[in-house]
Amino acid sequence: MKFVLSSLLVLAAVSARAENLIKIDGSSTVFPVTEAVSEEFQTFTKGATKVTVGVSGTGGGFKKFCRGETDVQDASRPITKEEMASCREAKINYFELPIAFDAIAIVVNPKNNWVNEITREELKKMWEPAAQGKIMTWKQVNAKWPDEKLSLFGASTDNGTFDYFTEAIVEKSKSSRGDYTAAVDHNTRVMGVNSQKGALGYIPFAYYVANKDKLKLLGVIGGDKAPSKKAVLPSEQTVISGTYFPLSRPIFIYVNQASMNKPEVKQYVEFYLDKAAEMSKQVQYIPLPAKAYTTAKEHLKKQKLGTVFGGEAQVGMTIDQILKKEATF
């Protein structure tokens with residue numbers, strides 16, 4: 001009888017531990033930060049809580065989040081009006097927490113010796129829907145460039161990076177030619193650009209930093225609205241100053257309000273905000289100022305739900321502009 005009781009107690013303990021599960025999905029861009037935080041958290045809690053982190057893209061993740069299937073949503077862009085409606089229909093309330101800044105890097109093959117910088121207009125000419133089946137060589141984009149085959153590598157339609165890039169470059173979210181190599185996984189794009197001399201792709205800056213030996217980084221001339229009329233390379237300095245325009249962007253986590261009633265989720269989110277600056281820098285993202293994380297904690301404490309962006313795309317916002325939005329929310 002004593003053995004049976006002991007076994008039941010062990011099973012109950014295992015069952016209780018198994019219930020301490022936090023489910024996260026969404027952006028492949030935000031994944032490195034969330035993965036780093038989650039590994040630290042699991043060490044901190046000595047395995048008492050398990051954290052699973054999926055990578056189905058921002059759009060794919062929001063579908064799950066707005067069905068109540070996940071506790072936390074990684075997002076490389078703000079929630080859209082359609083996603084807001086889906087969450088509202090399912091009675092999913094959420095906190096929107098910016099956790100870092102990222103830059104979308106424009107990369108080419110290291111053997112490319114004809115281009116070091118590119119304009120927003122040239123990128124649009126390559127990527128807009130009208131280019132499909134027509135703009136097939138570099139020379140067609142710029143007469144000074146060679147008649148080299150243009151091979152494009154971009155994000156899949158479920159990626160927040162796809163949404164942001166098309167909004168920033170083509171000036172309409174999700175508007176893109178379809179005859180390019182699409183992938184949710186940014187590393188797939190790295191390998192694709194590295195494999196073809198005439199390749200060009202767009203990836204989060206952190207993925208460029210991790211693959212400097214395989215890629216060539218281009219400076220971007222941002223156009224009439226850009227603070228600088230010269231080509232600007234992405235870096236911590238140019239992202240913070242807002243001069244890397246229009247391809248700098250905030251990244252987020254969204255947290256289900258109901259999930260915050262679970263002690264392990266509450267502990268995890270608070271831990272995330274405490275560690276976000278350190279972990280972001282560790283994986284080559286740009287941390288927000290300390291006051292941004294303090295504001296996020298205040299929003300949790302005061303139960304400030306929803307989004308400051310109203311479901312609209314926000315292109316080229318600086319860190320200061322984001323903080324002002326958060327402060328007045």
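Here a trainee and a mentor talk through a predicted model of one protein chain.

Trainee: Let's start with the big picture. How many helices and strands does the chain have?
Mentor: Remember that we're looking at a predicted model. Both kinds of element turn up in it, and the tally is 12 helices and 11 strands.

Trainee: What radius of gyration does the chain have, and what would a compact globule have?
Mentor: Start from the chain length, which is 329 residues. For that length a compact globule would come out near 20 Å. The chain agrees with that, because its own radius of gyration is 21 Å.

Trainee: And what does the C-alpha trace span along its principal axes?
Mentor: Here you want three numbers, one for each axis. The spans are about 85 × 45 × 35 Å.

Trainee: What share of the residues counts as buried?
Mentor: A residue is called buried when its relative accessible area is under 20%. Go through the 329 residues of the chain with that cut-off, and the buried share is 54%.

Trainee: Which percentage of the accessible surface belongs to carbon and sulfur atoms?
Mentor: Take the whole accessible surface of the chain to begin with, about 15,000 Å². The part belonging to carbon and sulfur atoms is 53%.

Trainee: How far apart are the centres of the positive and negative side chains?
Mentor: There are two sets to think about: 43 positive side chains and 36 negative ones. Find the centre of each set, and the gap between them is 1 Å.

Trainee: Now the rings. How many aromatic pairs are there, and which kind is the one formed by tyrosine 94 and tyrosine 254?
Mentor: The count comes to 17 aromatic pairs. In the one you picked, the ring centres of tyrosine 94 and tyrosine 254 are 5.9 Å apart, with 65 degrees between the planes. Planes over 60 degrees apart have their own label, so this pair is edge-to-face.

Trainee: How many residues apart are those two tyrosines?
Mentor: Tyrosine 94 sits in strand 4 (residues 94–108), while tyrosine 254 belongs to strand 11 (residues 248–256). The pair therefore links distant parts of the chain, with a separation of 160 residues.

Trainee: Are they buried or exposed, and which aromatic cluster are they in?
Mentor: Both tyrosine 94 and tyrosine 254 are buried. Their cluster is made of Phe62, Phe65, Tyr94, Phe252, Tyr254 and Phe309.

Trainee: Asparagine 256 is in strand 11 too. Is it buried or exposed, and what is it in contact with?
Mentor: Yes, asparagine 256 is found in strand 11. Its relative accessibility is 5%, so it counts as buried. Leave aside neighbours within four places in sequence, and its contacts are Phe65, Gly68, Thr70, Asp71, Ile92 and Asn93.

Trainee: Which form does the peptide bond from phenylalanine 245 to proline 246 take, cis or trans?
Mentor: Most peptide bonds are trans. Proline 246 is in the loop between helix 9 (236–241) and strand 11. The bond leading into proline 246 from phenylalanine 245 has omega near 5 degrees, and its form is cis.

Trainee: How many residues of helix 6 are buried, and which residue with positive phi follows?
Mentor: Helix 6 is mostly covered, with 10 of its 11 residues buried. Among them are Phe162, Tyr164 and Phe165. The residue that follows helix 6, with a positive phi near 70 degrees, is glutamate 171.

Trainee: Why does glutamate 171 count as partly exposed?
Mentor: Glutamate 171 is found in the loop between helix 6 (160–170) and strand 7 (181–183). Partly exposed runs between 20% and 50% relative accessible area. Glutamate 171 falls in that range because its value is 48%.

Trainee: What is phi at glutamine 303?
Mentor: Most residues other than glycine have a negative phi. Glutamine 303 is found in the loop between helix 11 (290–301) and helix 12 (319–327). Although it is not a glycine, its phi is positive, about 60 degrees.

Trainee: Last one: which residues does alanine 296 touch?
Mentor: Alanine 296 is found in helix 11. Its relative accessible area is 3%, so alanine 296 is buried. Not counting residues up to four places away in sequence, it touches Leu97 and Leu273.

Terms used:
Residues are numbered from 1 along each chain as its sequence is written. This is a predicted model: local features need pLDDT of at least 70, side-chain atom pairs count only at pLDDT 80 or more; totals for chains, interfaces and linings use all residues. Side-chain values use heavy atoms; hydrogens and water are left out. Rings of Phe, Tyr and Trp (its six-membered ring) pair if their centres lie within 6.5 Å; planes under 30 degrees apart count as stacked, over 60 as edge-to-face and the rest as tilted. Helices (H or I, at least four residues) and strands (E, at least two) are DSSP runs, numbered from the N terminus. Buried means under 20% relative accessible area, exposed over 50%, partly exposed in between (1.4 Å probe, protein chains only). The radius of gyration is taken over C-alpha atoms; the globule rule is 2.2 Å times the number of residues to the power 0.38. Accessible areas come from the Shrake-Rupley method with a 1.4 Å probe; for residues, only the protein chains shown count as cover. Lys and Arg count as positive and Asp and Glu as negative; His and the chain ends are not counted. The place of a charge is taken as NZ of Lys, CZ of Arg, CG of Asp or CD of Glu. Contact means heavy atoms within 4.5 Å.
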